[in-house]
Amino acid sequence: MSELVKIVDSLENRVSKLLHKLEVLQQANGKLESELESIKVNQETAQQNIAEWEEKYNSLKLASSMLGGSTNKTEAKLKINTLIRELDHCIAQLSE
């Protein structure tokens with residue numbers, strides 16, 4: 001009987017240790033998940049900032065080419081033609 005008690009005590013001890021490890025791992029997992037969420041938010045903000053800066057850069061490049069920069073004249077002409085086509089398309093939709 002004492003052998004059986006020792007086995008049961010040993011099992012209880014192991015189960016207790018496993019439950020403690022489970023709790024520790026669950027806490028670590030929760031911490032990592034919140035950290036991941038924070039990193040995702042930071043990445044999304046950074047992507048938005050990059051998109052804004054790219055748009056500003058393109059606008060400045062276009063303005064520079066329109067002010068007489070010879071390097072981007074063709075690009076400026078293409079952009080103007082695109083804008084004119086978009087305006088024509090809008091006017092055609094409004095007239096329908």
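These legends walk you through a few views of a predicted model.

**View 1. The whole chain, with two helices and zero strands.** Start here to get your bearings. The radius of gyration is 33 Å, while the globule rule gives 12 Å for 96 residues, so the chain is more spread out than a compact globule. Laid along its principal axes, the box filled by the C-alpha atoms comes to roughly 100 × 40 × 15 Å.

**View 2. The surface of the chain, about 8,900 Å² of it exposed.** Carbon and sulfur atoms supply 60% of this exposed area. How many of the 96 residues count as buried? The share is 2%.

**View 3. The charged side chains, 12 positive and 15 negative.** Picture the centre of each set as a single point: the two centres lie 8 Å apart.

**View 4. A nonpolar surface patch made by Met 1, Leu 4 and Val 8.** Together these residues form a patch of about 340 Å². Met 1 sits in the segment before helix 1, which covers residues 2-66. Is Met 1 buried or exposed? Its relative accessible area is 79%, and exposed means over 50%, so Met 1 is exposed.

**View 5. Lys 21, a residue of helix 1.** With a relative accessibility of 55%, Lys 21 also counts as exposed, because the cut-off is over 50%. Now look along the chain to Glu 54, 33 residues away from Lys 21. What separation do the C-alpha atoms of Lys 21 and Glu 54 have? Those two atoms are 49 Å apart.

Notes
Residues numbered from 1 in each chain as written. Predicted model: local features only at pLDDT ≥ 70, side-chain atom pairs only at ≥ 80, totals over all residues. Heavy atoms only, no water. Helix = DSSP H or I, 4+ residues; strand = E, 2+ residues; numbered from the N terminus. Rg over C-alpha atoms; globule rule 2.2 N^0.38 Å. Buried < 20%, exposed > 50% of the residue type's maximum accessible area, 1.4 Å probe, protein only. Areas by Shrake-Rupley, 256 points an atom, 1.4 Å probe, with all protein chains shown as cover. Lys, Arg positive; Asp, Glu negative; His and termini not counted. Charge placed at Lys NZ, Arg CZ, Asp CG, Glu CD. Patch = residues over 30% accessible without salt bridge, like charges linked within 9 Å, V, L, I, M, F, W, Y side chains within 5 Å. Salt bridge = Lys/Arg side-chain N within 4 Å of Asp/Glu carboxyl O.
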